[in-house]
Amino acid sequence: PSRGLGDVYKRQELYITIKEAQFKSEGKPIYVYLPTTSLNNNYTIKATEWKTALKTAQQWCNGIIIHDINNNLPDTNTAIWQESLKFIKEMKNTVD
């Protein structure tokens with residue numbers, strides 16, 4: 001399936017943010033913080049967007065912090081919970 005243009009822009013935006021952090025960090029490790037919901041809860045993150053964010057962060061960062069603001073991720077958004085589980089299984093021994 002084709003990704004929408006919005007996904008491409010979001011990936012570019014995340015990439016640019018990561019590259020800027022790498023530049024400013026002067027060689028220190030970069031860990032991306034990915035909240036599972038929008039901070040004001042007015043937007044539900046789509047599974048494709050979440051997968052794109054995970055893959056982009058995996059490619060360009062030293063680690064990923066997945067944070068569920070509501071502390072009930074499986075119930076909050078089952079689609080991104082499933083994508084998170086798939087991602088973790090793919091990473092196997094590289095996830096703490």
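**Contacts, burial and salt bridges in a predicted model**

Me: Which residues does isoleucine 18 touch, not counting residues up to four places away in sequence?
Reply: Happy to start there, with the reminder that this is a predicted model. Isoleucine 18 has its place in helix α1, residues 5-25. Once residues up to four places away in sequence are set aside, isoleucine 18 touches Thr56, Ala57, Trp60 and Cys61.

Me: How far apart in space are isoleucine 18 and cysteine 61, C-alpha to C-alpha?
Reply: Cysteine 61 is among the residues that isoleucine 18 touches. In sequence, isoleucine 18 and cysteine 61 are 43 residues apart. In space, C-alpha to C-alpha, the separation of isoleucine 18 and cysteine 61 is 7.4 Å.

Me: Does isoleucine 18 count as buried or exposed?
Reply: The relative accessibility of isoleucine 18 is 3%. Buried means under 20%, so with its 3% isoleucine 18 counts as buried.

Me: In what order do the elements of the protein chain run from the N terminus on?
Reply: Let's step back to the whole chain. Its secondary structure comes to 4 helices and 2 strands. Read from the N terminus on, the elements run α-β-α-β-α-α.

Me: In which helix of the protein chain is confidence lowest?
Reply: The average pLDDT of the protein chain is 78, and 73% of the residues score at least 70. Where pLDDT is low, the predicted coordinates should not be read in detail. Confidence is highest in helix α2 (residues 47-60), at a mean of 87, while the lowest mean, 62, belongs to residues 73-76, helix α3.

Me: With which side chain does the side chain of serine 84 make a polar contact?
Reply: Serine 84 lies in helix α4, residues 78-91, and counts as buried because its relative accessibility is 3%. Leaving aside neighbours within four places in sequence, the residues in contact with serine 84 include Leu54 and Ile66. The polar contact, at 2.9 Å, joins the side chain of serine 84 to that of tryptophan 50.

Me: Which residues form a nonpolar patch on the surface, with about 330 Å² of accessible area together?
Reply: A good entry point is strand β2 (residues 63-67), where isoleucine 65 is found. Isoleucine 65 has 44% relative accessibility, so this residue counts as partly exposed. The patch, with its accessible area of about 330 Å² together, is formed by Tyr31, Tyr33 and Ile65.

Me: How far apart, N to O, are lysine 24 and glutamate 20 in their salt bridge?
Reply: Side chains of opposite charge can pair when their charged atoms come close. Lysine 24 and glutamate 20 both lie in helix α1, 4 residues apart, about one turn of the helix. Lysine 24 is exposed, at 58% relative accessible area, and glutamate 20 is partly exposed, at 42%. Their side chains meet in a salt bridge with an N to O distance of 3.0 Å.

Me: With which residue does lysine 46 form a salt bridge?
Reply: Lysine 46 counts as partly exposed, at 45% relative accessibility. Its salt-bridge partner is buried, with a relative accessible area of 10%. The closest N and O atoms are 3.8 Å apart, and the partner is glutamate 49.

Me: Which residue meets glutamate 83 in a salt bridge?
Reply: Glutamate 83 counts as buried, at 13% relative accessibility. The partner is partly exposed, with a relative accessible area of 46%. Both residues lie in helix α4, 3 residues apart, about one turn of the helix. At 3.5 Å, N to O, the residue that meets glutamate 83 is lysine 86.

Me: What is the phi of glutamate 26?
Reply: Glutamate 26 has its place in the loop between α1 and β1 (31-35). With 73% relative accessibility, glutamate 26 counts as exposed. Most residues other than glycine have a negative phi. Glutamate 26 is not a glycine, yet its phi is positive, at about 55°.

Me: How much of the accessible surface of the protein chain belongs to carbon and sulfur atoms?
Reply: Of the 96 residues of the protein chain, 29% count as buried. The accessible surface comes to about 6,900 Å², and the part belonging to carbon and sulfur atoms is 55%.

Conventions:
Residues numbered from 1 in each chain as written. Predicted model: local features only at pLDDT ≥ 70, side-chain atom pairs only at ≥ 80, totals over all residues. Heavy atoms only, no water. Buried < 20%, exposed > 50% of the residue type's maximum accessible area, 1.4 Å probe, protein only. Areas by Shrake-Rupley, 256 points an atom, 1.4 Å probe, with all protein chains shown as cover. Patch = residues over 30% accessible without salt bridge, like charges linked within 9 Å, V, L, I, M, F, W, Y side chains within 5 Å. Salt bridge = Lys/Arg side-chain N within 4 Å of Asp/Glu carboxyl O. pLDDT = per-residue confidence, 0-100. Polar contact = N/O pair within 3.5 Å; in protein donor to acceptor, adjacent residues only side chain to side chain. Contact = heavy atoms within 4.5 Å.
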